Structures are given as structure tokens and as C-alpha cells.
Amino acid sequence: MFKEFKEFAMRGSVLDLAVGVIIGAAFGKIVASLVDDVIMPPIGRLLGHVDFSNLFINLSSESFATIALAKAAGKPTLNYGNFINTIINFLIVAFAIFMVVRAVNK
């Protein structure tokens, strides 16, 4: 059984998949930084100095200035600003993958 597993794990396709996952995780971090540090600040400034990462709806009866304060108090929040950032991250990654697949198919 161990020999069979070793043969499976050492196949080229499994190693290629492992490399792809590792590179994908690193690429995801780069895209997250691109969105959070490069794309969203100018958009937030154009929309009146809005920090998307701190947009939330407080679901408790208490008032909180930031998500961090609400979380520290253990209160529920809907963090729609983080959701917007995540959607933009996804769109950038999906577009990059589309471009790679398109290039490979040509």
C-alpha cells in the first residue's frame, strides 16, 4: 500500500498540481495586496475618503466606530466592505487565469 501511494504521489501530474496550488496561494496574496493597497485606496478617495475594509453594518444595539471594536466586544457585524474587496480579488484572479488559459489554447 505504501509503495502504491508513493507511486501516486510521485507522478508528474500530482507534483504539477502541488506546484500550482503553492503558486496559486502566493498569487492570491499578491492580488489581495494589489486590491487592498493599490486599487481600493484611490477608489475610496474618489468616493469621499471611504475605507472599504471598514464598511460594516452593526447588528447589535451598541454603537462601534470600527469593525475591530465590534469584534473585540463580541458583537455581530456584516462586513460588506471586506466582501467588496474579496469580490474584486476574485475578479482579478479569474481574469488572470482566463488570460493564461487563453494563451495556452492559442
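**A surface nonpolar patch and the environment of helix α4**

In this predicted model, Ile 57, Leu 59, Leu 78, Tyr 80, Phe 83, Ile 87, Phe 90 and Leu 91 form a nonpolar patch on the surface, and together these residues present about 810 Å² of accessible area. The leading contributor to the nonpolar patch is helix α4, which spans residues 80-105 and supplies five of the residues. One of the patch members, Ile 87, is located in helix α4, and this residue is classed as partly exposed because its relative accessibility is 36%, a value that falls between the limits of 20% for buried and 50% for exposed residues.

Helix α4 itself comprises 26 residues, and the distance from its first C-alpha to its last is 37 Å, which is close to the 38 Å expected at 1.5 Å a residue. Whereas Ile 87 of this helix is partly exposed, Gly 81, Asn 85 and Asn 89 of α4 are buried. In an α-helix there are 3.6 residues a turn, so residues three or four places apart point the same way.

The two buried asparagines of the helix were examined through their contacts beyond the immediate sequence neighbourhood. Asn 85, placed in helix α4, has a relative accessibility of 7% and therefore counts as buried. When neighbours within four places in sequence are set aside, the residues in contact with Asn 85 are Val 35, Asp 36, Met 40, Phe 52 and Ser 53. Asn 89, which is likewise found in helix α4, also counts as buried, in this case at 16% relative accessibility. With the neighbours within four places in sequence again left aside, Asn 89 is in contact with Val 31, Ala 32 and Val 35. Val 35 thus appears among the contacts of Asn 85 and among those of Asn 89.

Further along helix α4, attention turns to its aromatic side chains. The count of aromatic pairs comes to one. This pair is formed by Phe 95 and Phe 98, whose ring centres are 6.4 Å apart and whose planes meet at 35 degrees, so the arrangement is described as tilted. Because Phe 95 and Phe 98 are three residues apart in helix α4, about one helical turn separates them. Phe 98 is partly exposed, its relative accessible area being 47%.

The helix that contributes several of the contacts described above is α2, which covers residues 12-46 and includes Pro 42. At 42% relative accessibility, Pro 42 counts as partly exposed. The C-alpha atom of Pro 42 is separated by 55 Å from that of Lys 3, a residue 39 positions away along the chain.

Charged side chains were considered last. The model contains one salt bridge, in which the side chains of Glu 62 and Lys 75 meet at a distance of 3.1 Å from N to O. Glu 62 lies in the loop between β1 (57-58) and α3 (67-72), while Lys 75 lies in the loop between α3 and β2 (77-78), so the pair ties together parts that are 13 residues apart in sequence. Both partners are classed as partly exposed, Glu 62 at 40% relative accessibility and Lys 75 at 27%.

Definitions and conventions. Residues numbered from 1 in each chain as written. Predicted model: local features only at pLDDT ≥ 70, side-chain atom pairs only at ≥ 80, totals over all residues. Heavy atoms only, no water. Patch = residues over 30% accessible without salt bridge, like charges linked within 9 Å, V, L, I, M, F, W, Y side chains within 5 Å. Areas by Shrake-Rupley, 256 points an atom, 1.4 Å probe, with all protein chains shown as cover. Salt bridge = Lys/Arg side-chain N within 4 Å of Asp/Glu carboxyl O. Helix = DSSP H or I, 4+ residues; strand = E, 2+ residues; numbered from the N terminus. Buried < 20%, exposed > 50% of the residue type's maximum accessible area, 1.4 Å probe, protein only. Expected span 1.5 Å × (residues − 1). Phe/Tyr/Trp six-rings, centres within 6.5 Å; stacked < 30°, edge-to-face > 60°. Contact = heavy atoms within 4.5 Å.
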